[in-house]
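Colleague: I am new to this structure and would like to go through it step by step. Could we begin with a single residue and then widen the view?

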Amino acid sequence: VTITTRLLVSHLSGIRHYEKDITKVKEEKVKANRAFKPYQDKEQKEKEGKGIEKTDSVKLKKEHECEAKSQNSKPGRRDKEFEQEEYYLKEKFESVIESLKIFKNDPLVFKPGSQFLYSTYGFTLLSAVVERVSGQKFTDYMLKMFRDLDMLSTVLDDNEAMIYNRARCYVYNKKGRLVNAPYVDNSYKWAGGGFLSSVGDLLKFGNALLYSYQAGQFKNTNGKLLPGYLKPDTVAMMWTPVPKTEVSWDRDGKYAMAWAVVEKKQQYGCCRQQRHYASHTGGAVGASSVLLILPEELDSETIGTGLVAPPRGVIVSIICNMQSVSLNSTALKIAREFDKERWAQ
């Protein structure tokens, strides 16, 4: 088979996640699809109905039901996921290429490109590609990039290092009591969940991406606009949904390139609208996080005047030192409130 970096970055490679048993992985996917199918069928019946437009109250009720389902289902899956032994590895790896031994001889779950399966190890393989191409350790490469982005509080989650302001992490035990999270060594998955950061640094990261995304749209700036860290086309490509993908934390979304993306869409007049946004949640032993970017919907007049400059939009970052906390819906509500306030002005 052929596995490309594009397949890896969109979780279409077929490389396993933490569950080693392929049969169990496939059974879980079937169960998840069955659980979601009644909602799909209900939506389809509503669309094929008598053409009556939904009122705001019906629309809000439906959004609430979908959101509740997302919130209720995710912690269950995540709790089950955190039962996997490999989440709690204590072995230290000197390089990401060395850490490939964990899964390199395991069979693929499916033919690359045919299905979606979120895989931390897919990103471990991506980091190994970066290590080989750059000719330096992946961690060194990333720390230089964080410095370029002025993310000076973003560092490796290394247990031995003395890290200023590092928070203690917590989990619930089987009796439902809050306890300290167990010791783990993240050197086997730096790219998939091995960095410590702050809310401020994640906002800088979000601003850099949003600036890069919008920079090409602002023409009349008399050459005063600096280029983005990435080219606008690159960010647009990263935020373009990829077929055959799915997103557990927002059923309206698709996975793109290392980001979940919800596209701008409204199928019927006065019915539910989707705003374009990009986000990603994070789950680790004793911690949860989300970074959400809601770009402002710019009109040609605003762009053409040259009186405004990127980034334009709302960025929400939440970091929680608690395991298995669903944060995306909260971040989206916050972003929408700030967006509403901006339009009101």
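**A residue and its surroundings**

Modeller: In this predicted model, threonine 154 counts as buried, because its relative accessibility is 6% and the cut-off for burial is under 20%.

Colleague: Where along the chain is threonine 154 found, between which helix and which strand?

Modeller: The helix before threonine 154 spans residues 138-148, and the strand after it covers 155-156. Threonine 154 therefore belongs to neither element, since by its number it falls in the loop between helix H6 and strand E1.

Colleague: With which side chains does the side chain of threonine 154 make polar contacts?

Modeller: Leaving out residues up to four places away in sequence, threonine 154 touches Leu143, Phe146, Phe195, Leu196, Ser197 and Asp201. Within that group, a polar contact of 2.8 Å joins its side chain to the side chain of serine 197. A polar contact, also listed at 2.8 Å, links the side chain of threonine 154 to that of aspartate 201.

Colleague: Are the buried residues of H6 on the same side or on opposite sides of the helix?

Modeller: The buried residues of H6 are Phe138, Thr139, Met142 and Phe146, and they pack against helix H4 (96-99), H5, E1, helix H7 (190-193) and strand E4 (195-196). The exposed residues Lys144 and Arg147 are carried by the face turned away from that buried side. Because the buried residues cover an arc of only 90° around the axis, they lie on the same side of H6.

Colleague: Which element gives the largest share of the largest nonpolar core?

Modeller: That core has 41 residues, and those with the most contacts inside it are Tyr121, Leu209, Trp239, Trp259 and Ile293. Among the elements that give two or more residues to it are helix H5 (120-134), H6 and helix H8 (199-215). The largest share, five residues, comes from H8.

Colleague: Which residues of the core does tryptophan 259 contact, taking those that have the most contacts inside it?

Modeller: Leaving aside neighbours within four places in sequence, tryptophan 259 is in contact with residues including Phe205, Met238, Lys254, Ala278 and Leu291. Its contacts also include Leu209, Trp239 and Ile293, which are listed with those that have the most contacts inside the core.

Colleague: What percentage of the residues in the protein chain is buried?

Modeller: The protein chain has eleven helices and nine strands, and its length is 345 residues. Of these residues, the buried ones make up 39%.

Technical notes:
Residues are numbered from 1 along each chain as its sequence is written. This is a predicted model: local features need pLDDT of at least 70, side-chain atom pairs count only at pLDDT 80 or more; totals for chains, interfaces and linings use all residues. Side-chain values use heavy atoms; hydrogens and water are left out. Helices (H or I, at least four residues) and strands (E, at least two) are DSSP runs, numbered from the N terminus. Buried means under 20% relative accessible area, exposed over 50%, partly exposed in between (1.4 Å probe, protein chains only). A polar contact is a pair of N or O atoms within 3.5 Å; within protein, one must be able to donate a hydrogen and the other to accept it, and residues adjacent in sequence count only if both atoms are side-chain atoms. Contact means heavy atoms within 4.5 Å. A nonpolar core is a set of buried Ala, Val, Leu, Ile, Met, Phe, Trp, Tyr and Cys residues joined through side-chain atoms within 4.5 Å. The arc is that of the directions from the helix axis to the C-beta atoms.
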